[in-house]
Structures are given as structure tokens and as C-alpha cells.
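Please read the following report with the sequence and the model side by side. Each term is explained where it is needed.

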Amino acid sequence: MNARDAIFSALRRLRPEHLLTDALETQARELAGAMKACLPPLEFSDLVENFTARVTADKVGATVERLAGWSALPEAVARYAEAHGLEKEAALQPDPRLTGLDWGGVRPAPLKPDTMLAVGAARGGIAETGSLVFHSGPDAPTLYNFEPLHHIVALEARSVVARFEDYAAAEKGQPQPRNVNFITGASGTTDIEGVLARGAHGPRRLHIVFIG
Amino acid sequence: MNAPVGTFKERAKKALGDSNLRVALDRTTGNARTKRAAAVAAWPEFDEARKQAAALKDHALDNFAYYLEQFERNALASGAKIHWARDAKEACAAVIDICRQASAKTATRSKSMLGEEIGLPHALAEAGIRRVETDLAEHIIQLAGETPSHIIWPAAHRTREDVSKLFQKHHRDHLLLTEVEAMVASARHELRNDFFGADVGISGANYLVAETGAICTITNEGNAELTTTPPRVHIVTAGIEKIVATTEHALQLTRVLVRSATGADLTQYTTFHCGPKREGDRDGPEEFHIVLVDHGRTQMLEEMPEMLRCVRCGACLNHCVVYRKIGGHAYGGAYPGPMGSALTPVFDGLENTRDLPHACTMNGLCKAVCPVDIPLPTLLRDWRAKSFEAGYEPPGVQRALKIWAFVATKPKLYRLALSIALPLLRRLGKDGWISRLPFAPAWTDTRDFPTPPKQTFLAQVASGEH
């Protein structure tokens, strides 16, 4: 017997299948529902406000600003670069919402392992933890989220949902992307004595710009 | 890699005498307990959520074959290649075989306890493949030539002063650093080229999601994605018990897992990986392999199924009074602490590891903090009973237990024995503590024994004190 058959034969012997697919799906849904009845409370009912409170909390440490529209983003990126003593040069995630903007004084640059500043556009956000959501694809290569030292991410305010369950419900039945990244704050580590230090391998700073 | 030296008792004794280890363990586990307590305090229904989390895992395990087959089907459809392994040897062989077919010289690795469990670091070394550990703590212990001593903080036994010395010696810039931030920056600089030059990236998985065929990694540093995205080949090694029904279940489990592990609401990076690079993708691996490992899981499904719920958060280690004194290396297996004492006898045989289930005070804290409500004290007690029944306990222990059982089942005799023992013990005590027990001197080498009260509990009740 090969390894696969041996494993499945043991599993079927010890846990004979008894439920049909429909019944299993119902049970799985009910279990998720039971968990939804005991979730951690949201501090604010306004989703952007809750997102902001979570992601700017000390233990996450990202920064946030809000703009009226996409067209104001290049100016905000220039301001950020200046405030942090960076060159006005940024790797732009190839999302049409970004590449279609007039970048004026900010020079687009290719993404490299030592990129100082990259600008991304998130697919959505989760208010309960202040998490950004990215689905990899031609307009969202994974490495834009991990290579730069400073990461500025634009997030449309209307794309923020309250809970992870809301994300899961919206994506149910949709094709699974190669990578789904939930990003909550800048890269950090507590590997030395449990003390939090930032910029382990991913970005040292995460700046989130709400659009709208 | 250092194989454990000596017996558990010898290793524990050595650890108890190591004051540097005490400092490192106090700092790491103390920080972890404080942060977890704050996170749990902000979630009034956390205790109910723990029980629901256990139900989510049980649901997947009760329908194990169905969900594992669904996972396999969906993963294959995404372009992943699946490899099955009954044991550690088959699992390592599968990984090495993939590396050889890719002509790999260098493999980056993001922390995976399953990898440690199956001895993957050793297997890669034997195959002549350069292994680069990318998790900061794994990097530290790779420089030190050690194995992990904690499942979340593998370098929990190292102080910042130790890390500073290691980095000065091994890092290319040879700087003497005093701040943790600077040490982290130094590791970032040191490992940058390896992320982008590796032929193969190896990760573990926190979940195998049946409904999508995706695997999930949960990290804080971003090293998992930098390990799995640039190389041409991504290999996942995962225990089959990581199976969950849906993405929603995985995310719900992550809520309790992360709070229990680091006290954060969510780790910085929670990533679902599904198959290789697709048309139009600018990055991503061209080959995506998943090695699914049994290595005792089917045996556990029969003998202690609750243990298969374990999400490897490390909370039971941080709260264990034994772990906090002796650290992880004394346990001698890949997994230390209470969950390790429950798991290691499955992997290494009870006869060789019978001391581990005994290294427990039965205070129940591990169960109380477990995010999936595993009855660890019960599982450890079951191992003790099995060890006794199998005759693995030393003759002295077996005789003593038999005598105790004989006396304890005869109330009059038991009370008589106590009435003789109490005054004798009280004569040894000073200021409420006994500093040396004549019949158990090792017990009092590193701690004191409380002087018993004048009367037994029953006598106190009879005299109206209770």
C-alpha cells in the first residue's frame, strides 16, 4: 500500500464518513455561526474609525491619513517621502488605480530587494484588526508588500468590512487567488526576549491612506 | 544540530543550574503572559470562543478523510503537486527528492515545527543542500548550532546579550550591538541576498483549507512570503491534522491562535498560498509542492484525538511552571512544555520518554489557557498510567505506588499513616518551609517544601476549623 492509501485507510477506519456533503456544509456553517456569537467587541461602529484605532494602536504601530480622492495620493506620497528623508522615488504596484495617476514630483522606480519606498493599493480592509487585504495577480505582485522598507498603501474607505467573516462570505465560491495577504501593521518580531522590534524582513513602516 | 544529551533528569538539573537561561526564560515567557492576558481581557467571551475553536477543529477531524480528500482535489486543481508521507523518513525523502530534481544548492526556510519534528534540517545537511533559516529566532539558533527551545520563540533560551555576541561573530558586518532594533536590522541585512538567491523556499502550514486547496502561513516578520515567493520552487511541509473545512474557519481559529501566542489581534502577515505562479503574475514560484505528513497523526486520532486540535500557539509553554524553570531543550524533543510532553511519546516511544508526562504539577494552567481547550493534564496522566501498566516505571516507583494504593483505599490505615508522618515532617520545617526532605533530597535541591499543618484536613473539619 502506498503512503496515500495507508493514510486514508487509517482515517476511514477511525472516522467512518457518515454525513453527506450538504449536511457537512450545513454543520460547518452552523459552527462558524456559533463562533460569530462570541466575537471580540468592536470599539467603534464606524468601520474606518475602528480600523484606524486598531492599526495605530501601540502594538501595531502603523500610521494613517485620509484623502478625498485618488488624485491627491501622489502629493501625500511626496509629503511622506519628505517627512522621512527619503528620495521622491517610489515603486508603484501595477494597479491601474495607481498607474493611472499623475505622479508629478514622485519618480516611479522598479521594485528591488532594497527598495526604500513602495506604494500599493489594497483590495479591501478588515476593521476588527486593521488588516489590509491583497489578492495577488498581474496588478498586485506579492513582493510589493514585502520588499520595501517603507510601504504606503491606499485603501478605499468603502472597501473596509467589519469582520473576517464578512470577507469570507464575500469571497465564498470565488476563484482562490495564488496569494491572499492579510497585512496588519509593519513587519515586526518579538524573537529576542519577547520585545517588539520593527522592520524584521518586511517593511519597517506601514502608512495607510484612506481614499474617500 | 545538537541531539539531546543524557536523560531528561540530567538535562533538567543542568538547566536549573543555568542562571542565564533563567533570565532569558523569565523575560520571554513573562512578556508573552502579560501580552496574552491583555488581549484576552479585551475579549469578554474568549472562554466561549476557545470552546467554539475546539469545535471547529473537531469538525474537520471528525470528517478527516472527506476534508483531506477535498483539500487534495482542490490543491491539485490549482497546479500544486501533492506528496504523501507516512513517517519522518518518507517526508524528508520527498523534500530532498524535490530539491534534487530542482538541482537546488540553497534552500531558504521559514519556521516550521513540523520540519523540526521530522528532522528536515538534518536531512538537508546530509543531502548537501545549504539551509538558510529566515525566521529571526531560527537564524539565531542556526548561528549557535542549536535546536529550537520554544515553538513560537525558538531562541527563548537566549538573552539579548547572547544574540549580540552571536551576531558580532557571524554577521558580515561584525558589529557589537546592544539594542534589539539594531540586531533585527543586522539580521535583515545579513539575510537579504539569500531570500532572492535561493533555489527552493520551504515553509510549513498553519492550515490546509479543504474548500480552496490553499495552505496558510502566519508570521510577523514577512519572512514566510520572502521565502516562498522569489525561489523557483516552494515546498510546503504540513501535518495532515492542519486540515480545516473553510477559509472562514481558518480565520476564526486565527483569532484565538494569535491572541494566545503573542497577544496581538492578528499577526502582521496571514497569507493563503494556492498553487504556483499564474499567467500574468510577475512573481511567485513556478513549482508548488505540498508534502502531507502523517508521522503519528493517525495513531493520535485513535489514542488522543484532542491533541490533533493543537494549533501550536505556545501558550501552554509560557504558563507551565516546569517549562519556565527548565526551558525547552531539557525536554529532548522538537516540542517542549505540556504539549510537547503529550506529543513526544508518540514520536519517540513512551519507554524512552516516560519522564516527560511526569514533568507536570497538574496545576491545570495549560488547559485553562489552551485556545482549543485540549485537556493536557488528562492526556499527561493517561501517559503516566500507560507507562505504569507497561512496566516502564522503575521498580521503586512501582512498589511505592502499589503501597500507596493499598494504604489509600483503607481509610483507617491511611489516617494512621498520616498521624505518624505529619509530626515527623513538621519537625523538619522551619518558618513554614522544609529546605531538605531526607527521602527526596533532589526535590528540595532547587526549592522548598511547605511544612504541613498540625492536623489533617479531616481532623480540622472534625474540630470545626472548616
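In chain A, six strands form an open sheet in the order β1-β12-β7-β4-β2-β3, and their pairing is parallel. Helices (H or I, at least four residues) and strands (E, at least two) are DSSP runs, numbered from the N terminus, and two strands pair if DSSP finds at least two bridges between them. Strands β1 (63-67) and β3 (107-108) of chain A stand at the edges with a single partner strand each, so one side of each is left without a neighbour in the sheet. At one of these edges, two bridges join strand β2 (residues 89-92) of chain A to β3(A), and the two run parallel; Glu89(A) has Arg107(A) as its bridge partner in β3(A).

This is a predicted model, in which local features need pLDDT of at least 70 and side-chain atom pairs count only at pLDDT 80 or more, whereas totals for chains, interfaces and linings use all residues. Residues are numbered from 1 along each chain as its sequence is written, while chains are lettered from A and ligands numbered from 1 in the order in which they are written.

The secondary structure of chain A comes to six helices and twelve strands, and its C-alpha trace spans about 65 × 45 × 40 Å along the principal axes. Of the 212 residues in chain A, 48% are buried; a residue is buried if 20 or more other C-beta atoms lie within 10 Å of its own, exposed if 12 or fewer, and partly exposed in between, with C-beta atoms placed from the backbone.

Both chains are divided into domains, whose bounds come from an automatic or database domain assignment. The table gives these bounds together with the separation of the C-alpha centres.

| Chain | Domain 1 | Domain 2 | Separation of C-alpha centres |
|---|---|---|---|
| Chain A | residues 1-38 | residues 42-211 | 37 Å |
| Chain B | residues 8-298 | residues 396-462 | 46 Å |

How many residues of chain B are in contact with chain A? There are 84 of them, and they meet 61 residues of chain A, where contact means that the C-beta atoms of two residues, placed from the backbone, lie within 7 Å. The largest share of this side of chain B, nine residues, comes from helix α10 (residues 180-197) of chain B. Strands also link the two chains, for five bridges join strand β9 (residues 179-183) of chain A to strand β9 (residues 269-273) of chain B, which run antiparallel; within this pair, Val180(A) has Phe272(B) as its bridge partner.

The largest nonpolar core, meaning a set of buried Ala, Val, Leu, Ile, Met, Phe, Trp, Tyr and Cys residues joined through C-beta atoms within 7 Å, has 178 residues. Helix α12 (residues 247-261) of chain B gives the largest share of this core, seven residues. Val244(B) is among the residues with the most contacts inside the core, and, not counting residues up to four places away in sequence, Val244(B) touches several residues including Leu56(B), Tyr207(B) and Leu253(B).

Elsewhere in chain B, Asp58(B) lies in helix α3 (residues 46-62) and is partly exposed, with 17 other C-beta atoms within 10 Å. The C-alpha atoms of Asp58(B) and Arg309(B) are separated by 6.9 Å, although these residues are 251 residues apart along the chain.

Is helix α22 (residues 411-428) of chain B hardly covered or largely buried? Helix α22(B) is hardly covered, since the count of buried residues among its 18 residues is zero.
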